[in-house]
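Me: I would like a close look at one part of this model, the enclosed space inside it, and then a connected account of how the neighbouring topics compare. Please take the structure below as the starting point.

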Amino acid sequence: SLPIPLQAGEARHLPLRDLRLRYVDHEVVTDAQPGLSPTHGLPVRETGPRETLRVRLQDPVQAFFVTLCYRLTPEHDIIERWCELHNAGQDTVSFEICYFASLHLPGGANELTYVSGTWAREFTTHRERLAPGTHLIESRNLQTGHVANPFFFLNRPGQAWEETGVVYFGALAYSGAWQIAVEQLPTWDVRIHAGYHPFDFQLDLAPGETHVTPALVCGVSPDGWGGASRRLHAFTQDRVLPRSPQGPRLRPVLYNGWEATYFALSYESQAELARKAAAIGVELFCIDDGWFGARRSDDAGLGDWAVRADAFPQGLEPLVAEIQRLGMKFGLWIEPEMVNPDSDLYRQHPDWVLHFPARERTEFRHQLILDFGRAEVVEYIFNRLDALVERYSIAFFKWDMNRLATEPGSVVGKAIWRQHVAGVYAIMDRLRRKHPTLDIQSCSGGGGRIDLGILARTDQVWVSDNTDALDRIRIQEGFSLAYPARCMEAWVTHARNHQTGRILPLGVRFDVAMRGALGIGSSLNELDDAELAEYASYIAFYKRIRHVIQEGALYRLERLEEFQGSAIEYVLPDGREAVYAVALRDYQIGSYRPSPLLKGLIAGATYTVSDRCDQEVFRASGYELMTMGLPHAGNEQVGYSQTLYLKQV
């Protein structure tokens with residue numbers, strides 16, 4: 001259609017609140033990047049070029065262009081979709097809503113799978129049939145959020161299962177306020193609009209300015225929900241997670257002393273824990289909260305990233321030297337986006353926090369959020385963290401964020417929802433560019449910052465503060481829908497759990513934690529020699545099988561919704577090695593659980609099945625294991641668990 005000339009009497013000052021796009025041209029390139037792509041320069045596992053289709057559109061009245069970008073990763077059936085907005089006119093253009101992509105799915109694909117939760121109850125899986133209208137999955141935070149996670153599965157009701165049926169899937173590569181709107185039209189067609197959350201959103205483009213959105217990662221699986229998960233896992237492993245410039249390496253076994261000492265830190269207490277941790281096979285020792293400033297509890301010290309003189313009178317150097325002498329790497333907990341009002345930083349710069357002038361500054365956990373819309377704040381935080389890495393040979397940061405925004409007043413106005421994320425990404429990218437061997441774990445009150453955007457900067461994520469093994473079965477199952485085991489940090493903690501008070505055997509706690517990147521959070525000082533030896537036995541077993549867990553393909557053989565049990569299998573791509581893990585969250589006496597059938601093995605090959613003591617407990621062909629499964633142990637009950645290693649003879 002042709003533009004209509006301005007009619008006599010029409011008010012020229014009224015804003016043109018309309019955008020219509022017409023095709024201009026297209027091209028295929030190999031160097032396109034979505035917005036907020038990492039700039040740290042670290043390699044990923046697969047670095048080959050990928051083609052991106054760029055379709056350029058223009059408004060017929062305004063000098064405004066939108067380029068729709070489609071980057072292909074054909075080996076995983078993945079498309080990354082984002083938009084480039086360019087204002088070629090003479091006036092500023094403002095957006096009140098901006099999605100990264102809109103998808104048009106075939107009619108009837110209206111069974112939605114997603115996750116929701118809250119602190120200590122993250123990643124609860126939901127599967128429901130959409131009613132006519134729009135279903136919103138969203139989070140209005142400066143981080144990804146606990147309430148929901150930015151991914152979805154969609155399929156025709158009753159026509160998709162764990163390993164069969166067509167499933168459409170997508171995940172946002174963005175760690176700020178986001179929204180996925182799933183719309184079912186009266187025609188039963190399904191539309192998905194995914195990107196920035198429209199609440200309190202504004203994007204202004206000055207003349208000549210361009211904005212590039214982050215990406216929606218999406219695709220289709222003919223192999224059910226499991227096939228969708230494996231495509232996302234493989235894509236994340238190959239194209240998202242940063243790898244060490246020193247070559248491939250597996251995630252180390254970590255020890256964190258938070259539940260052992262809390263804020264009562266000293267050189268002596270940490271050195272004693274470090275010696276016991278090294279003796280049982282730990283490879284990375286991390287000091288948690290309480291090592292800095294006036295930090296004796298959670299009401300003071302945040303923002304003052306200098307070592308506590310009363311806890312470490314000689315600084316951290318003697319402790320770091322002892323940890324390294326023991327053959328471990330050294331890690332440190334930080335919460336760099338926050339500040340306590342009772343801190344030197346806040347007393348010097350009370351204007352550096354998010355706030356509305358003359359309004360109360362609402363504290364949560366006695367802390368406020370720094371204004372990352374201020375370049376000087378971002379620079380200050382980078383310099384403080386950089387100095388810590390330089391001085392103490394830090395190999396690992398546990399990067400935490402423990403509150404939500406209540407008064408999001410910033411010098412950049414509504415842009416703070418985007419600028420905060422950009423500031424966090426920029427600090428991480430600069431740190432890793434300058435210190436390429438530094439690892440980072442994303443933690444936000446548990447699982448509050450997990451998405452493909454943060455995973456491009458970090459090596460692992462803290463899925464939940466809840467370390468109760470039976471609760472973690474559900475949390476980790478929901479996590480596994482979108483994210484791989486390699487980046488899932490999972491702890492073994494005390495027999496009586498810190499959060500729930502439930503008492504569980506050590507075997508259950510290890511069998512569940514070994515499904516990801518293994519960590520130990522127990523107070524080793526409370527364990528006798530026999531218990532420490534048992535810990536060492538499990539850790540040694542994990543080291544024998546972790547290459548399969550961290551690099552293999554995941555099959556959810558049995559889900560909680562079926563038998564209140566979880567049976568999973570990790571298989572290496574060549575099918576020669578596998579790990580089988582089962583854990584029962586509930587079990588009714590007199591019921592019967594059929595043996596889960598294994599996947600991905602070589603039918604004609606023979607496999608030995610061994611336990612953590614390296615004792616062979618079964619031997620069978622791949623065909624038998626994939627058609628009959630493994631025999632039951634015969635002593636199944638609530639909390640029953642087992643992890644087995646399969647290897648081709």
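Which element supplies the largest share of the lining of the largest cavity?

Reply: In this predicted model, helix 9 gives the largest share of the lining of the largest cavity, with 6 residues. Helix 9 spans residues 469-480, and together with strand 27 (553-558) and strand 28 (565-571) it belongs to the elements that each supply at least two residues of that lining. The space enclosed there amounts to about 140 Å³, and of the 16 residues that line the largest cavity, those closest to its centre are Q476, S480, M488, I568 and Y570. Sorted by class, the lining of the largest cavity holds 9 nonpolar, 3 polar and 4 charged residues.

This cavity is one of 8 in the structure that have a volume of 30 Å³ or more. The second largest cavity has a volume of about 80 Å³, and its lining is made up of L241, P242, R243, S244, G247, R249, R251, D439, T458, D459 and R486. By class, the lining of the second largest cavity divides into 2 nonpolar, 3 polar and 6 charged residues, whereas 9 nonpolar and 4 charged residues are found in the lining of the largest cavity.

Open space is a separate topic. The largest pocket contains about 950 Å³ of space, and of the 30 residues that line it, D18, L19, V93, S94 and F95 are the closest to its centre. Strand 3 (64-73), strand 4 (78-87), strand 5 (93-95) and strand 6 are the elements that give two or more residues to the lining of this pocket, and that lining consists, by class, of 17 nonpolar, 8 polar and 5 charged residues. Strand 6, which covers residues 99-105, is itself mostly covered, with 5 of its 7 residues buried. Strand 6 runs antiparallel to strand 13 (residues 190-196), to which 6 bridges join it, and within this pairing H104 has R191 of strand 13 as its bridge partner.

Helix 3 can be examined in a similar way. For the 13 residues of helix 3 (residues 267-279), a rise of 1.5 Å a residue leads to an expected span of 18 Å, and the end C-alpha atoms are 18 Å apart, so the two values agree. Its buried residues are S269, Q270, A271, L273, A274 and A277, and what covers these buried residues includes strand 17 (254-256), helix 2 (258-261), strand 18 (284-287) and helix 4 (317-325). Just after helix 3, G281 takes a positive phi of about 110°.

Positive phi also appears in residues other than glycine, and two alanines may be set side by side here. A120 has a phi near 70° and sits in the loop between strand 7 (111-116) and strand 8 (124-129). A358 likewise has a phi near 70°, and its place is in the loop between helix 5 (344-348) and strand 21 (368-369). As for accessibility, A120 has a relative accessible area of 15% and is therefore buried, under the 20% cut-off, whereas A358, at 89% relative accessibility, counts as exposed, over the 50% cut-off.

Conventions. Residues are numbered from 1 along each chain as its sequence is written. This is a predicted model: local features need pLDDT of at least 70, side-chain atom pairs count only at pLDDT 80 or more; totals for chains, interfaces and linings use all residues. Side-chain values use heavy atoms; hydrogens and water are left out. Helices (H or I, at least four residues) and strands (E, at least two) are DSSP runs, numbered from the N terminus. The expected span of a helix is 1.5 Å times one less than its number of residues. Buried means under 20% relative accessible area, exposed over 50%, partly exposed in between (1.4 Å probe, protein chains only). Contact means heavy atoms within 4.5 Å. On a 1 Å grid over the protein atoms alone, a cavity is a set of points where a 1.4 Å probe fits but cannot get out, and a pocket is an open set with protein on both sides within 12 Å along at least five of seven lines; lining residues have an atom within 4 Å of a point. Grid points are joined across faces, edges and corners, and a volume is the space filled by probe spheres set on the points. Ala, Val, Leu, Ile, Met, Phe, Trp, Tyr, Cys and Pro count as nonpolar, Asp, Glu, Lys and Arg as charged, and the others, Gly among them, as polar. Two strands pair if DSSP finds at least two bridges between them.
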